[in-house]
Amino acid sequence: MLVGALFAGLVFGLYFTLVGLGLNLVFGVMRIVNLAHGDFLMLGGFAAYGLFSAFGLPPLASALIVLVVFTLLGLPIYYLVVPRLLAARDSEMLSIILFFGMSQMIEAITTIAFGATERSLPGRLLGVGPVILLGQRLPSSWVYSAVVSAVAVVGVYLYLYRTRLGTLTRAVMVSRDEALATGIDVHRVSAIAFGIGIALAGIAGVFAPFMLGSVTPAIGAGINIAAFAVIVVGTLGNPLGTVLGGIIYGVSLMLMQTYLSSWANILPNLLLIAVLLIRPEGLLGRQVRRA
Amino acid sequence: MPDRKRIAGDLGLAALVVVAMSVAHGVYSNELLLFNFVMFLTLSQGLNLIYGFTGYLPFGYVGFFGAGAYGFALAVMHLHSPPLLALAIAGLAALVLAVILAPLLRLSGAYFAIASLAAAQALYEVIANPDLQDLTKGPYGVSLSGVFAPRLSYFVAVAIMAVTFALVVWLRNSRFGLSLQAIREDPVSAAMAGVSVVRGRMVAWLLSSVIAGLSGGVFAWHISVFYPDTVFDVTFSIFATVFTLFGGATTLTGPLLGVFFLYGVYNAIGITVPQYFQLIYGALIMGLVLFLPNGLVSLLTRRGFRVP
Amino acid sequence: MFRRALLGLAALLPLGIGVARAAPPAPAELKIGTLYASSGPFASISMPVYDALKIWINEKNAEGGVFVKPYNKKIPIKLISYDDQSSTATAATLYNQLITQDKVDLLIADSGSVLTSVAVPIAKEHKMFLFDVSGTGGTFFTKDNPYIGLMADPVSTIWPKYIADFLDDIGVKNGIKKVAILYSTNDFTGTQAAAVRGFIKKAGKLDIVYDQGVPTSTSNYTVLLNNIAAHNPDAVLELGYVGNDIAFLRNLQDSGDKFRFVFTIYGGTEMDELLKNVGAAAMQGTFSYVPAALYDYKPNFGPTLEQFRAAWDKAYPKGSGVEWGANAVYGYMTGLVLERTLATTASMDQMAIHNAVFGLSGKLNTLDGPFALNAEGAQVGEITPLGQLQMQGKDLKLVAVYPPKFAKGKADLGK
């Protein structure tokens with residue numbers, strides 16, 4: 001049971017890396033907390049459901065569409081709220097409240113449009129039955145989700161370190177003011193990062209029906225706490241640290257389910273508090289903020 | 001002398017609301033609706049104590065409320081305490097929780113907000129856990145019908161509200177309150193000017209949490225049958241936060257305005273079209289943060305008027 | 001002669017008074033108050049109840065109203081309802097609103113234990129009889145509170161009786177020895193887990209090899225299933241809410257694990273919803289409760305299941321977003337109890353309503369089965385037979401397999 005739980009936790013954690021990745025990118029570039037992150041993930045799940053019901057699209061195709069559409073969606077949202085928010089005195093604090101409002105709006109609109117019941121995609125779309133990996137059995141949907149997550153992480157890495165825009169993005173991450181002073185179009189760089197962040201949430205959402213059984217308009221709030229725990233543990237503002245956070249989250253969740261199942265939900269909360277108090281800069285941490 | 005006039009203005013407004021809520025009980029018969037108004041008036045002002053005066057926004061404010069409710073319930077169930085003693089235990093439970101969570105004050109605002117929410121959820125998970133069924137009744141909920149006294153508990157709630165108002169008035173007009181606001185504006189200069197940053201925040205934090213605990217205790221008493229989900233419902237935090245933000249923190253008027261207007265509208269239209277209401281709520285929050293971060297009263301205060 | 005005439009008069013007197021009392025000025029409408037949850041975790045069990053109740057009200061109003069014995073005439077029904085959004089705090093206020101402001105004649109609770117819980121003390125305090133549709137919480141029914149009656153659901157403690165009986169009887173005969181219980185830690189499913197554990201231990205024929213609670217928000221069962229499989233159980237009981245059952249059944253299919261007996265609550269009780277989310281392949285062969293929505297009882301009052309289903313489909317055609325299920329039957333059945341209560345009550349006083357409702361106990365059979373209350377007002381007449389989801393042609397059908405008296409087919413326990 002122990003080996004099984006560790007291995008499953010590792011793979012499950014890779015999915016949670018994807019869940020937290022976009023949140024961390026947005027935080028890293030803009031120093032704001034997108035508390036509507038879980039709701040964008042939920043929208044991704046509904047998009048996958050809608051695309052499948054209407055056109056029979058499989059999840060992998062939906063993920064590509066979500067990537068493009070959500071990135072484009074992020075741009076106007078960024079320009080509508082973020083520049084004004086960043087001009088405020090305590091933008092980090094205010095961002096939580098602002099995006100909480102956005103989260104409420106998204107949940108309300110989705111409920112009005114689709115109702116509150118569970119939605120899901122047929123499991124066969126990602127293969128039925130287990131896959132044997134290193135002697136351990138795993139659902140094939142987990143393997144798909146983990147691979148997509150890995151691709152996303154590599155994609156973000158390549159974007160940040162191998163493209164011109166990525167270099168500019170990293171400059172903004174290091175210091176927004178200096179980036180401004182050197183003439184970088186900070187808003188353009190940030191808007192794209194914001195779009196990518198939302199798109200990553202959306203892609204994670206496409207796989208949510210497989211990883212979480214089903215999606216409802218209300219799942220956003222719970223996802224936010226988990227995603228936040230993942231990125232705090234894995235180092236805030238360092239998108240690649242999210243991998244570590246995700247894996248720690250996944251493994252410890254599965255260990256809890258195995259040995260103390262009824263207490264499993266307390267875990268992300270305690271993990272979050274513990275890391276914030278003991279090592280606020282995160283496990284990989286160079287200091288990126290004054291906590 | 002103007003000082004005294006200001007205090008009189010503040011106290012006058014506070015007294016007006018206290019009297020109004022007492023009289024309303026005799027006039028309007030939906031006691032629970034009135035009780036909820038009193039409760040949110042108290043919770044919003046309690047949140048105001050910590051958010052308005054230190055800038056720390058506890059998203060998990062409901063944790064203290066829940067701790068109070070269960071403090072009350074456990075005292076009644078296991079110690080067979082009379083309600084008023086149980087209420088004191090409710091306040092104590094919240095105080096103990098606040099002391100345990102005090103290290104969170106080391107964090108800056110955003111992390112504090114989220115960590116406090118995580119703490120509230122962790123407490124919920126503990127109390128609702130079936131392993132503790134013998135102690136807390138776990139997820140099966142508690143029934144306190146033995147001490148059910150809707151009328152008395154209503155007036156006790158009004159008394160707690162009155163004390164909370166008095167605290168806000170005191171903070172607004174005392175040296176201590178002013179030093180807190182100085183910390184909020186600029187902790188470094190405040191510390192250099194000899195203000196004890198740590199002590200100031202701690203006092204506001206403890207006061208604020210005890211108020212939520214007492215509120216939770218009197219809620220448990222008034223409603224008498226509840227589940228862990230009932231008293232750890234994040235909606236309590238959300239409502240208190242939105243009401244405070246809407247009217248304007250640091251003032252007495254702001255949260256009052258928020259509760260009477262928003263909770264009034266909520267009860268008038270929200271209950272029939274909740275999703276639309278949630279939508280409007282969300283839009284309102286976003287609009288406030290972007291365009292009126294200091295609430296409605298700032299329309300007056302920024303023009304130099306003083307609002308109680 | 002004179003004495004006889006006097007006696008005759010005396011005999012007439014109370015009758016005359018009786019007649020005078022029987023026809024007080026009738027109100028223009030009968031106010032029925034209830035709550036529903038259009039959003040939040042209880043929306044899926046609350047809305048069908050509410051929608052079904054509306055069908056009953058519309059039917060009665062189309063006939064000119066419901067017959068109310070104290071007024072000896074039909075009175076149109078006015079439904080006063082509010083949305084509590086699955087929040088108990090809001091629900092409490094609204095129950096109070098219905099009683100004190102709207103002054104409803106009859107009070108119906110929202111669906112499920114959580115949203116009913118707050119109504120119990122309020123109804124008692126205001127001496128208002130609470131028609132409890134499906135709030136089965138053990139704490140609701142006490143000797144000192146006559147103001148509650150449970151309509152449609154049996155109390156949680158007797159739900160799993162037939163699961164245990166089946167396993168102890170047919171299961172043991174077929175070589176089932178080890179049982180695993182996995183339950184969500186909330187009032188509804190926790191109580192059932194405790195009950196089934198008690199039944200199994202009492203019989204002493206089976207070995208419980210795994211018995212764990214998980215948070216109700218658990219959405220992934222892969223590792224849990226892996227751990228269960230490590231204990232080699234023959235039978236696995238998963239007691240959770242709809243979302244739990246969806247995730248569990250999907251993960252079970254993904255895992256490739258095979259157990260001879262798998263039970264979920266909602267595989268049968270919300271079959272349509274689960275079929276949509278899980279698919280027939282993953283549900284085939286599993287066991288569940290047979291809800292009234294899928295079992296033809298012989299009613300002695302009101303329509304048969306088939307007739308009601310037709311009325312339902314007409315009111316809420318496919319695609320209207322309203323799902324057919326057991327809760328729809330519960331809502332309509334509550335309407336039928338109301339109808340019989342109003343037709344038999346001595347007056348509109350709430351204790352008289354109590355007496356009328358309890359007077360129906362043991363006599364009323366509806367499309368939801370026999371209606372019987374114990375002294376505290378808990379429902380003990382309704383039963384939940386055990387059924388298995390079996391393929392019949394291309395369709396998945398829930399076939400009642402136990403107890404023998406209700407069985408419509410044979411259980412297939414596989415190898």
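This is a short tour of a predicted model, one selection at a time.

**Stop 1: two helices of chain A**

Start in chain A and select residues 2-30, which form helix α1, together with residues 242-259, which form helix α10. Their axes come within 6 Å and cross at roughly 135°. Angles from 115 to 145 degrees count as oblique, so α1(A) and α10(A) are called oblique to each other. If you turn the view to look through the pair, you are looking at a right-handed crossing. Now colour the contact between α1(A) and α10(A) by residue class: you should get 16 nonpolar residues, 10 polar ones and no charged ones.

**Stop 2: an odd backbone angle**

Stay in chain A and click on A:Thr235. This residue sits in the loop between α9 (220-233) and α10 of chain A. What is the sign of phi at A:Thr235? Phi is positive here, about 95°, although A:Thr235 is not a glycine.

**Stop 3: a second helix pair in chain A**

Next, select residues 37-55 (helix α2) and residues 59-86 (helix α3) of chain A. These two pack at an angle of about 130°, and their axes are 10 Å apart. That makes α2(A) and α3(A) another pair to describe as oblique, which follows from the angle. The crossing of α2(A) and α3(A) is right-handed.

Show the side chains to see who meets whom:

- On α2(A), pick A:Phe40, A:Gly44, A:Ala47, A:Ala48, A:Leu51 and A:Phe52.
- On α3(A), pick A:Pro59, A:Ser62, A:Ile65, A:Val66 and A:Phe70.

Look at the numbering as you click. An α-helix has 3.6 residues a turn, so residues three or four places apart point the same way. How many charged residues does the contact of α2(A) with α3(A) have? There are no charged residues in that contact; the classes are nine nonpolar and two polar.

**Stop 4: where chain A meets chain B**

Bring chain B into view. Here 31 residues of chain B are in contact with 37 residues of chain A. On the chain B side, α5 (109-127) and α14 each supply at least two residues. Which element gives the largest share of that side? The answer is α5(B), with 12 residues. By class, the side of chain B that touches chain A has 22 nonpolar, seven polar and two charged residues.

Zoom in on α5(B) and add helix α11 of chain A, residues 266-278. The two pack at about 140°, with their axes 8 Å apart. This angle is why α11(A) and α5(B) count as oblique to each other. The crossing of α11(A) and α5(B) is left-handed.

To see the contact itself, select these residues:

- From α11(A): A:Ile266, A:Asn269, A:Leu270, A:Leu272, A:Ile273 and A:Leu276.
- From α5(B): B:Tyr111, B:Ala115, B:Ala118, B:Ala119, B:Gln121, B:Ala122, B:Glu125 and B:Val126.

Sorted by class, the contact of α11(A) with α5(B) has 11 nonpolar, two polar and one charged residues.

**Stop 5: where chain B meets chain C**

Hide chain A and show chain C. In this interface, 29 residues of chain B are in contact with 28 residues of chain C. Four elements of chain B give two or more residues each to the side touching chain C: α2 (31-54), β2 (225-226), α11 (228-231) and α14 (274-291). The largest share, four residues, comes from α2(B). This side of chain B divides into 13 nonpolar, 13 polar and three charged residues.

**Stop 6: the two domains of chain C**

Keep chain C alone and give its domains two colours. Domain 1 is 30-155 + 297-370, and domain 2 is 158-294 + 384-402. Their C-alpha centres lie 30 Å apart. The contact takes 17 residues from domain 1 and 14 residues from domain 2 of chain C. On the domain 1 side, α4 (113-117) and α14 (326-344) of chain C each supply at least two residues, and α14(C) gives the most, with three residues. That domain 1 side divides into nine nonpolar, six polar and two charged residues.

**Stop 7: two details in chain C**

Select residues 43-62 of chain C, which are helix α2. This helix has 20 residues and reaches 28 Å from its first C-alpha to its last, close to the expected 28 Å. Following α2(C) you will find C:Gly64, with a positive phi near 95°.

Finally, go to the segment after β16 (395-402) of chain C, where C:Pro403 is found. Is the peptide bond from C:Tyr402 to C:Pro403 cis or trans? The bond is cis, with omega near 0°.

Conventions:
Residues are numbered from 1 along each chain as its sequence is written. Chains are lettered from A and ligands numbered from 1 in the order in which they are written. This is a predicted model: local features need pLDDT of at least 70, side-chain atom pairs count only at pLDDT 80 or more; totals for chains, interfaces and linings use all residues. Two residues are in contact if their C-beta atoms, placed from the backbone, lie within 7 Å. Ala, Val, Leu, Ile, Met, Phe, Trp, Tyr, Cys and Pro count as nonpolar, Asp, Glu, Lys and Arg as charged, and the others, Gly among them, as polar. Domain bounds come from an automatic or database domain assignment. Axes are lines fitted to C-alpha atoms, for helices over the stretch in contact, and angles run from 0 to 180 degrees between N-to-C directions. Angles under 35 degrees count as roughly parallel, over 145 as roughly antiparallel, 65 to 115 as roughly perpendicular and the rest as oblique. A crossing is left-handed if the near helix is turned anticlockwise from the far one by less than a right angle, and right-handed if clockwise. The expected span of a helix is 1.5 Å times one less than its number of residues.
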